[in-house]
Every structure is written in C-alpha cells, then in structure tokens.
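Here is a short report on one protein model and the ligands it holds. Read it with the structure open beside you.

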Amino acid sequence: MALTQDTIARLAEHLETCELQARDTPKITDEHPDMDWDDAYAVQDAILARKLARGARVVGLKAGLTSHAKMKQMGVDTPVFGFLVDGFSVPEGGTVQTRELIHPKVEPEIAFVLKHALKGPGCHIGAVLAATDFVLPGIEVIDSRYRDFKFDLKSVVADNTSASRFVVGGRALRPEGVDLRTVGIVLEKNGQPVALGAGAAVLGHPAAAIAMLANHLGRRGQEIPAGSLILSGGVTEAVAVAAGDHVCLRVQGMGSVSLRFA
Ligand code: 0L1
Ligand code: MG
C-alpha cells in the first residue's frame, strides 16, 4: 500500500462528507497519484466503517462498470465493487430527494438475492445460479462525488463506486425461470423509453458480475454472505435525472420498478 492509515482515514472522511453534504470534489488521485488498489478499497472500507459506527447496516453489495456501454461512457475498462447500506434503499415507487445528491444518474440493473454464501476463487456463473434464491429488477441511483463524473478507477473504488440510492421491485423470479442473457429491459423517463438492452450486456450474463464479485472478495479473504442483495451493474449507459423526473424500469417477464425524483 502507498498511503498511510492517517491518509486513508482523511480521504474517507473527505469523501463521505462530500456524500453527506452533496458537495463535489476533484478526484482524489490528483493529490495521491501513487494510490494503489489496496489503498482504494481501504478508503472504501473506512467509509463503510464510519457508517457502521453511526448505526448503519449493510444490506447488499454492488458491481459497477460491468457493461461495455458503461465502460465506454466512463472511459474505463474494469468492473468495480462497492457496498449498499440501509440508508441507500428506497421503497418501490418511492421518492429520492435530489437536494441530498450532487448530480444523480439512474442505471437499469438485475438484482440477485442469494440463498447460500458465495466464495471465490473459482466462482463461476453455475455456482452463482445454484446459490441464487431469486432475481428481480432494480434501479441504481449513482452519484459520483467527483466533479462532473471525472475520475479514474481507483478514485471511483475509494468513492464506493458512486453508490447512492437503489430500489428493487417488480416480480422476483427463480433463476431457472428466466434466461438472464436474453431478458429485455426498457428504462423509461417521464413515460419515454430512454435506454434499452438485454441482460447479456452485463459481461455476457449478469451472473458473471456476481461471480467476479465473489472472486474479488475471495482474494481479500471474504465472501458474499447468504441473504445478500447484489446489484449486478447497469445494463445500459447511466441516464441523468433531475427533480420532477419519474423513472420506470421494465424487465421482460419480471414486471417493473419505479422511482420519483423530487
Ligand atoms: O454502478 C456503476 O456502474 C457505477 C460505477 C461507478 C462509475 C460511475 O459513477 O459511473
Ligand atoms: Mg450500478
């Protein structure tokens, strides 16, 4: 690791304060160009520790930048992983307060809920499907703390992969009840389709993103616990939203889930 524990704690405080006060910041690698991957995840872990110390609860995990559309949009080439806490969760059909956010965007996602823990290395799509209780539609609201969403991957990891809010809903299906490669999705904003795609846009199969997460955690001596909710990553590019917008995700055979922005 290139950063001291003091620097990691300072960066975590800085990024979390930006999150809580809806303030943007230049990317942290501008000041710390030597930051390595372990430092980046250590800053993310320190942000989680701050939230847990205030009574937050981890309710899930996320994979991000798992589709070529997202990677191209952000000019990066590797998936990243983050955490979801209870305060990020919005009820189905609920309202997100845009004054609490900097520059929110929405992503159409397939969410997995596990009945068994998953641990890498060697985790693959088959193991993920065998461990999955059900899948359901989800919308992730991302809100990078970096000015104008300008960042590199290490800065994004430190910033908990832009995680901000999420909603899941619609119809939960057993994984054997749906072909997640060919399942079609339509994201609507204010009643108009704004993004279309199919599950295979996520690494060929959304379960591949969950396997990558398990393998990533395995390298750190961790696992995805049974019962976890995991967002597998945006199927399409992220779509900017503002106060007054209504967003609805329709997933073939899995119903719809929606959010409002006030
Ligand atoms: O969930 C995501 O795909 C977002 C990952 C972080 C990059 C971004 O803010 O777009
Ligand atoms: Mg996402």
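Helices (H or I, at least four residues) and strands (E, at least two) are DSSP runs, numbered from the N terminus. On that basis, proline 121 sits in the loop between β4 and α4 (125–131). The model is a predicted one.

## The annotated domain

The unreviewed UniProt entry carries the annotation "domain: Fumarylacetoacetase-like C-terminal" for residues 90–258. Strand makes up 33% of the chain over residues 90–258, and helix 16%. The end C-alpha atoms of that stretch are 10 Å apart.

## The magnesium site

Which residues are the protein donors of the magnesium ion (ligand 2)? They are Glu107 (OE), Glu109 (OE) and Glu140 (OE). These donors lie 2.0 to 2.1 Å from the ion. Their spacing in sequence reads E-x1-E-x30-E. Glutamate 109 belongs to strand β4 (residues 105–114), and glutamate 140 to strand β5 (residues 132–142). The pair is 31 residues apart and links distant parts of the chain.

Is glutamate 109 buried or exposed? The cut-off for buried is under 20% relative accessible area. Glutamate 109 has 1% relative accessibility, so it counts as buried. Glutamate 140 is buried too, because its relative accessible area is 0%.

Glutamate 140 has many partners. Its side chain makes a polar contact with the side chain of lysine 62, at 2.8 Å. Beyond its neighbours within four places in sequence, glutamate 140 is in contact with several residues, including Lys105, Val106, Ala163, Arg165, Phe166 and Leu231. The other two magnesium donors, Glu107 and Glu109, are also in that contact list.

## Around ligand 1

How many residues surround ligand 1? There are 13, and the closest are Lys62, Leu65, Lys70, Glu140 and Ser162. Three side chains place a polar atom by an oxygen atom of ligand 1, as listed here.

| Residue | Distance from a polar side-chain atom to an oxygen atom of ligand 1 |
|---|---|
| Lysine 62 | 2.8 Å |
| Glutamate 140 | 2.9 Å |
| Glutamate 107 | 3.0 Å |

Taken alone, ligand 1 exposes 300 Å², and the protein buries 100% of that. Glutamate 140 thus appears at both sites: as a donor of the magnesium ion, and among the residues closest to ligand 1.

Lys70 is one of the closest residues to ligand 1. Lys70 is also in contact with threonine 236. Threonine 236 lies in the loop between β9 (229–231) and β10 (239–240). Its relative accessible area is 6%, so threonine 236 is buried. Further contacts of threonine 236, leaving aside neighbours within four places in sequence, include Ser67, Ala69, Pro108, Ile185 and Gly197.

## Backbone points to check

Which bond is cis? The peptide bond from glycine 120 to proline 121 is, with omega near 5°.

Two residues other than glycine have positive phi. One is alanine 22, with phi near 50°. Alanine 22 is placed in the loop between α1 and α2 (37–53). At 22% relative accessibility, alanine 22 is partly exposed. The other is phenylalanine 149, with phi of about 55°. Phenylalanine 149 is placed in the loop between β5 and α5 (153–158). Its relative accessibility is 9%, so phenylalanine 149 counts as buried.

## Helices α1 and α2

Arginine 10 is part of helix α1 (residues 5–21). With a relative accessible area of 43%, arginine 10 is partly exposed. It touches Glu31 and His32, not counting residues up to four places away in sequence. Arginine 10 and valine 43 are 33 residues apart along the chain, and their C-alpha atoms are separated by 8.8 Å.

Leucine 48 is in helix α2. It counts as buried because its relative accessibility is 17%. What does leucine 48 touch, residues up to four places away in sequence not counted? Its contacts are Val58, Phe83 and Val85. Leucine 48 and valine 58 are ten residues apart in sequence. Their C-alpha atoms are 8.6 Å apart in space.

Key. Residues are numbered from 1 along each chain as its sequence is written. Chains are lettered from A and ligands numbered from 1 in the order in which they are written. This is a predicted model: local features need pLDDT of at least 70, side-chain atom pairs count only at pLDDT 80 or more; totals for chains, interfaces and linings use all residues. Side-chain values use heavy atoms; hydrogens and water are left out. UniProt positions are given in the numbering used here, feature names are shortened, and annotations may be inferred rather than shown by experiment. Donors are N, O and S atoms within 2.8 Å of the metal (3.2 Å for Na, K and Ca); water is not among the atoms, so sites may look incomplete. Buried means under 20% relative accessible area, exposed over 50%, partly exposed in between (1.4 Å probe, protein chains only). A polar contact is a pair of N or O atoms within 3.5 Å; within protein, one must be able to donate a hydrogen and the other to accept it, and residues adjacent in sequence count only if both atoms are side-chain atoms. Contact means heavy atoms within 4.5 Å. A residue is near a molecule or strand if one of its heavy atoms lies within 4 Å of it. Accessible areas come from the Shrake-Rupley method with a 1.4 Å probe; for residues, only the protein chains shown count as cover.
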